[in-house]
Amino acid sequence: MSCASPIGVLDSGLGGLSVFSEIVRLLPEESVIYYGDGKNCPYGEKPKEEIIKISDEIVCFLIGHGCKLIVLACNTATADAIDYLREKYPDTPFVGMEPAVKPAVMSTRTGVVGILATAPTLEGRHFKDNYLKYAGEAAIIPAVGEGFVNIVENGEIESHEAESAVRKIIDPLIEKNVDRIVLGCTHYPFLKDVINKIIGEREIEIINPAPAVVRRIENLLVEKRISAPSGNLPYYEFYSSSGKQYLNKIKTTADKLLKGLKK
């Protein structure tokens, strides 16, 4: 393994591409290998033991492809598997996802913060620890994005069904006077336009944790002295457990995101 080795990113499907695009934007000299499971998506409906097994298999694949650091770009995988993976692979740095409770609580004006996530994320240790730590400083309202992952995976983000599903979750948060909504699942940034449409002119900030996660990646790369060398020409590879058609969907989505970065 060398400093020019790639960063590995894994997710249940397409959602982790929201983190992948931030890595490309903020760490442009780093290569990335992305693994979007697809076959087992969504993870939120599976027991913890199964998530650990699936995540372990993907991590083994990524390490086998020379990844120097691995990002669990999935809140459910982070909540269920990251402690196990860190113990099993002590020589590999791991970065996980967690709802950005602290910046939301620190910046709220109304004192009411909404956390939009999957049920396993809201039940996980990382969220519970943050909740206990900051609940005294603001009202923290968790909400499950019911069906959101499937909407993104099925390419239905501009449909009436998507707006209806999102409105069902966002309207009650608006009624409770939230002024910060944290996106606690990497699939949810793909629904940001729909959320903004429902929010309208209200002064509500949507917080995507991905940039903060990439800053953590950067810090670890520096700390471990494994940052890509200056002038490194990066490459991006994509893999999936779900066949050629799904892999093409990953590549097409990634291409759109990369083109968006160049505008």
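Let me begin with one pair of residues: Ile 7 has Val 32 as its bridge partner, and Val 32 lies in strand β2. What we are looking at is a predicted model, so please hear everything that follows as a description of that model. The pair belongs to a longer connection, in which strand β1, residues 7-11, and strand β2, residues 32-36, run parallel and are joined by five bridges.

As general background, the strands of a sheet pair through backbone hydrogen bonds, and that pairing is either parallel or antiparallel. Here β1 and β2 are members of an open sheet of five strands, which reads β4-β3-β1-β2-β9 in order and has parallel pairing. At the edges of this sheet are β4, residues 94-95, and β9, residues 236-240, each of which pairs on one side only.

Now let me add a helix to that sheet. Helix α11 lies across β2 and β9, and its direction makes an angle of about 145° with β9. This helix, residues 243-262, also meets helix α1, residues 17-26, and the axes of the two come within 10 Å and cross at roughly 40°. With that angle, α1 counts as oblique to α11, and the crossing in which α1 passes α11 is right-handed. On the α1 side, the contact is made by Leu 17, Phe 20, Ser 21, Val 24 and Arg 25, while α11 contributes Ile 250, Thr 253, Ala 254, Leu 257, Leu 258 and Leu 261. Sorted by class, this contact of α1 with α11 holds eight nonpolar residues, two polar ones and one charged one.

A second helix pair can be described in a similar way. Helix α2, residues 48-64, and helix α3, residues 75-88, have axes that come within 9 Å and cross at roughly 60°. The two helices are therefore oblique to each other, and α2 passes α3 in a right-handed crossing. From α2, the residues Lys 48, Ile 51, Ile 52, Ser 55, Asp 56 and Val 59 meet Thr 76, Ala 77, Asp 80, Ala 81, Tyr 84, Leu 85 and Lys 88 of α3. In this contact of α2 with α3 there are seven nonpolar, two polar and four charged residues.

Let me turn to the other sheet on my list. It is an open sheet formed by four strands in the order β6-β5-β7-β8, with parallel pairing. The edges are taken by β6, residues 139-144, and β8, residues 205-207, and each has a single partner strand, so one side of each is left without a neighbour in the sheet. On average, neighbouring strands of this sheet are turned by 25° against each other, if direction is ignored. Looking closer at one edge, we find β7, residues 180-183, running parallel to β8 and joined to β8 by three bridges, with Val 182 standing opposite Ile 207 of β8. This sheet, too, has a helix on it: α9, residues 192-199, lies across β5, β7 and β8, and runs at about 155° to β8.

Finally, let me step back to the whole chain. How many helices and strands does the protein have? There are eleven helices and nine strands. The radius of gyration is 18 Å, close to the 18 Å that the globule rule gives for 263 residues, so the protein is as compact as a globular protein of that length. Along the principal axes, the C-alpha atoms fill a box of roughly 50 × 40 × 40 Å.

Conventions. Residues are numbered from 1 along each chain as its sequence is written. This is a predicted model: local features need pLDDT of at least 70, side-chain atom pairs count only at pLDDT 80 or more; totals for chains, interfaces and linings use all residues. Side-chain values use heavy atoms; hydrogens and water are left out. Axes are lines fitted to C-alpha atoms, for helices over the stretch in contact, and angles run from 0 to 180 degrees between N-to-C directions. Angles under 35 degrees count as roughly parallel, over 145 as roughly antiparallel, 65 to 115 as roughly perpendicular and the rest as oblique. A crossing is left-handed if the near helix is turned anticlockwise from the far one by less than a right angle, and right-handed if clockwise. Contact means heavy atoms within 4.5 Å. Ala, Val, Leu, Ile, Met, Phe, Trp, Tyr, Cys and Pro count as nonpolar, Asp, Glu, Lys and Arg as charged, and the others, Gly among them, as polar. Two strands pair if DSSP finds at least two bridges between them. The radius of gyration is taken over C-alpha atoms; the globule rule is 2.2 Å times the number of residues to the power 0.38.
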